[in-house]
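Trainee: I'm new to this one, so could you walk me through it?
Mentor: Sure, let's have it up on the screen and take your questions one by one.

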Amino acid sequence: MRAGILTAPETIEIVDVAEPEATPGTVVVAVDRCGIGGTDLEAYRTGELAAPAWFGHEWSGRVVEIGDGVAGRFSGERVVGAVPPPCGRCRACWAGLGDHCEEALALIVGTHPTASATGAFAERIRVDARRVHRVPDGVDDASAALAEPAAVAAHAVSLADQRIGDVVVVVGAGTIGLLVAELARLAGAARVLAVDVEPARRELACALGAAAALAPGPEVQRWVSDQGHGLGADVAYECAGRAGALQQSLSSVRHGGTVVLLGRGAPPHGLQSADLVARHLTLRASRGYTVADVHRALDLMADDRFRVAAIHERLVGFEELPAAFAELSSDLSARRKVLFSPDR
């Protein structure tokens, strides 16, 4: 079968590889869609991967082969790949920290022995059956492929302890930021402000329900002061991972407010712990997601309340995949989600 693999920095090759075979505890999935995510682009630029299976981990597909010992799966079932339940055996699980399960992390990043030889920029992949989650009726293939980033966004919103009627700022309106903004509104935010340097992303944020969208700068502070009764926003989500994004997030919230960090990028300049203490701010870092977050995201999609389809820009096939990566890497700020399909 064909697969797109990363062979060097900024080099993707379309090669013939061996067909995956289901082994005990695994299933083989025919890929329908696979999103090009931020971590894929980071690997593309650096050439560094935790494991080959990580390159292309936002996917939807259909089960086509079932290994020994797998129960509850059937051929033709529509599924997405995501984090498995906690193993219950590792050090983290024994300490009662199932959300930080060591085996689950190995499975999701592709370092576990059951991992596929490639990611989902391929025709088919082998997956540990514990990682496979059914797609509800009413969720199309493209939306299902966004279940993994949607779960990341859902996890961040769950960590914010957001309350009904809160004023919320989302700094960075890329895929994760747009999903966070939608979910913050669904979680009861009275008004959501999206902050991004790119006009097209600001426009899309408003189309998806943000009350306003602004470029970074003093206008943001005026908006949060006006909407936050002179105090500021209750919650800010930092989703940009760029220089200045954390400072923008911190300065947006009121005394006693909460900032949730999702972006991974430039370090903050001039950040003083005394400022955080004086304003009694809560900082929470959000990494990954749980099984419950996946199910919440898919259920909201099925109910047509979580509109992720608008984030998807276009489909590419094998022949277009290297060019799509080069384009996204060079002009990421202006682009929406691009999905790969092996049948394109």
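Trainee: Which residues does A53 touch, not counting those up to four places away in sequence?
Mentor: Before that, this is a predicted model, where local features need pLDDT of at least 70, side-chain atom pairs count only at pLDDT 80 or more, and totals for chains, interfaces and linings use all residues. Residues are numbered from 1 along each chain as its sequence is written, and side-chain values use heavy atoms, with hydrogens and water left out. Now, a contact means heavy atoms within 4.5 Å. By that rule, the residues A53 touches are G110, A115, S116, T118 and G119.

Trainee: Is A53 buried or exposed?
Mentor: A53 sits in the loop between α1 (38–46) and β4; helices (H or I, at least four residues) and strands (E, at least two) are DSSP runs, numbered from the N terminus. Buried means under 20% relative accessible area, exposed over 50%, and partly exposed in between, using a 1.4 Å probe and protein chains only. A53 has a relative accessible area of 16%, so the word is buried.

Trainee: How far apart are the C-alpha atoms of A53 and V109?
Mentor: Along the chain, these two are 56 residues apart. In space, their C-alpha atoms are separated by 7.0 Å.

Trainee: How many residues of helix α3 are buried?
Mentor: Helix α3 covers residues 102–109 and is mostly covered. Its buried residues are E103, A104, A106, L107, I108 and V109, and what covers them includes β6 (124–128). Out of eight residues, the buried count is six.

Trainee: What follows α3?
Mentor: Look for a positive phi, near 90°, right after the helix. The residue with that phi is G110.

Trainee: Which residue of β5 stands opposite S60?
Mentor: Two strands pair if DSSP finds at least two bridges between them. Strand β4 (residues 58–66) and strand β5 (residues 78–81) pair in the antiparallel sense over three bridges. Opposite S60 you'll find V80.

Trainee: And which residue of β7 stands opposite G81?
Mentor: β5 also pairs with strand β7 (residues 132–134), in the antiparallel sense and over three bridges. Across from G81 is V132.

Trainee: How many disulfides does a search of the whole structure find?
Mentor: A disulfide is a pair of cysteine sulfur atoms within 2.5 Å. C87 is in none, with its nearest cysteine sulfur, that of C101, 3.6 Å away. C90 is in none either, with the sulfur of C93 nearest at 3.7 Å. The search total is zero.

Trainee: What is the relative accessible area of C90?
Mentor: C87 is buried, at 14%. C90 is buried too, and its relative accessible area is 12%.

Trainee: How are α1 and α12 oriented to each other?
Mentor: Two packed helices are described by the angle between their axes and the distance between the axes. Axes are lines fitted to C-alpha atoms, for helices over the stretch in contact, and angles run from 0 to 180 degrees between N-to-C directions; under 35 degrees counts as roughly parallel, over 145 as roughly antiparallel, 65 to 115 as roughly perpendicular and the rest as oblique. Helix α12 (residues 321–330) packs against α1 at about 95°, with the axes 10 Å apart. That makes α1, relative to α12, roughly perpendicular.
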